[in-house]
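Colleague: I am new to this structure and would be grateful for a guided reading. May I put some questions to you?

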Amino acid sequence: MTTSNRFTAHPVGCLIGASFLYGIIPSFVKLATQVSGIPAYLFLSNAVAFLLGNLVLAVRRVSPKVEGVVLKDVLLFGCLSTLGTSSLLTLSYQYISIGVATTIHFAYPVLVMTGMAAVFREKLSMAKIAAILCALAGVVLIAGPGGGFAGKGPLLGILFALASSVTYGVFVIANDKSAFAKLDPFVLFFYLSGVSAAVFGAFALFTNSLSLVPSPVPYLMALCQQGCNMGAVVLFAFGVRVTGASTGAAINMLEPAVSLLSGILIFHDLLTPSALAGCGLILLSLLSVSRKGKDAPSDR
């Protein structure tokens, strides 16, 4: 292997590592919420994220001060979207397997394309339309009779995962079109985690669900979750900077695959052929979306 090839392998390794770290995060969340209440754990994990964000900004000597119009958009679009995404996705884990929930959530690029076409009149190519239809077919297979998720509870889980995809899609669009589009990612992380910790903490207090859990599991899982989150952010940013957004998006499709595998290994999740086919169709739609960057500039 030449020196050049050795160095070009590093960014791809970073992207694979980031996808692995992102993919195991749902396992930490589900393990924690089996012991702790959802609002209490979301408060805890966001408080840990806020502290880590403070530490990163201090080390990098970056000021968190932003202009009023930027802060308004962060609070309006960023915080509302991330609050909705984290709560909805965590709720979905209580009803369906983390792998299926993550795969459905990963349909957000398709929803972003739909939203950009509907709101900003961006043209949809035939490939994008095919990706949207493919993702919809995947969701139908998962939610259908053969998906193994019959009943009110699992249907709620699927709806929660779909809703989380919508709220995250709003965040992605806002990250491109709003006043905080050029904001330092760690400054944005600082505000999102801080406001989320405050909101979930207040909700937990109001519902009398904020209490110290004698088990160390939620605290350990919060540290693991946010440690993986921060590590994945750094690895993914470095990998995309070298390989480009298209390659990064394609490799990042390993994330739902890792979640599916961890769900099977840790929680003994059982997936029917129909559910697996549905997940495959969603991943196929994402692959077709990610490949567009090879011939055209990225939308972000």
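Colleague: Which residue just after helix 9 takes a positive phi?

Modeller: This is a predicted model, and the backbone angle in question is a computed one. Helix 9 covers residues 217–243. Just after this helix, a positive phi of about 100° is taken by Gly-244.

Colleague: How far does helix 9 reach from its first C-alpha to its last?

Modeller: Helix 9 has 27 residues. At 1.5 Å a residue, a reach of 39 Å is expected. The model comes close to this, with 37 Å.

Colleague: Which residue of helix 2 forms a salt bridge with Asp-184?

Modeller: The count of salt bridges comes to one. Asp-184 lies in the loop between helix 7 and helix 8, and its partner, 124 residues apart from it, lies in helix 2. The closest N and O atoms of the pair are 3.1 Å apart, which is within the 4 Å cut-off for a salt bridge. The partner is Arg-60.

Colleague: Is Arg-60 buried, partly exposed or exposed?

Modeller: Its relative accessible area is 39%. Buried would require under 20%, and exposed over 50%. Arg-60 therefore falls in between and counts as partly exposed.

Colleague: Which helix gives the most to the largest nonpolar core?

Modeller: This core has 38 residues, and those touching the most other members are Tyr-41, Val-100, Ile-104, Ile-142, Phe-149 and Ile-282. Seven residues of the core come from one helix, residues 3–33, and this is helix 1.

Colleague: Which residues of helix 9 that are in contact with Tyr-41 are also buried?

Modeller: Leaving aside neighbours within four places in sequence, Tyr-41 is in contact with residues including Phe-28, Val-29 and Ala-32. Its contacts also include Pro-218, Met-221, Ala-222 and Gln-225. The list of buried residues in helix 9 includes Pro-218, Met-221, Ala-222 and Gln-225.

Colleague: Which helix gives the most to the nonpolar patch on the surface?

Modeller: The patch is formed by Leu-76, Phe-77, Leu-80, Leu-111, Val-166 and Val-170, with about 480 Å² of accessible area together. Helix 3 (68–93) and helix 7 (152–177) each supply at least two of its residues. With three residues, the one that gives the most is helix 3.

Colleague: Does Leu-80 count as buried or exposed?

Modeller: Leu-80 lies in helix 3. Its relative accessibility is 53%, and the cut-off for an exposed residue is over 50%. Leu-80 therefore counts as exposed.

Notes. Residues are numbered from 1 along each chain as its sequence is written. This is a predicted model: local features need pLDDT of at least 70, side-chain atom pairs count only at pLDDT 80 or more; totals for chains, interfaces and linings use all residues. Side-chain values use heavy atoms; hydrogens and water are left out. Helices (H or I, at least four residues) and strands (E, at least two) are DSSP runs, numbered from the N terminus. The expected span of a helix is 1.5 Å times one less than its number of residues. Buried means under 20% relative accessible area, exposed over 50%, partly exposed in between (1.4 Å probe, protein chains only). A nonpolar core is a set of buried Ala, Val, Leu, Ile, Met, Phe, Trp, Tyr and Cys residues joined through side-chain atoms within 4.5 Å. Contact means heavy atoms within 4.5 Å. Patches are made of residues with over 30% relative accessible area and no salt bridge: like charges are joined within 9 Å, nonpolar side chains (Val, Leu, Ile, Met, Phe, Trp, Tyr) within 5 Å. Accessible areas come from the Shrake-Rupley method with a 1.4 Å probe; for residues, only the protein chains shown count as cover. A salt bridge is a side-chain nitrogen of Lys or Arg within 4 Å of a carboxyl oxygen of Asp or Glu.
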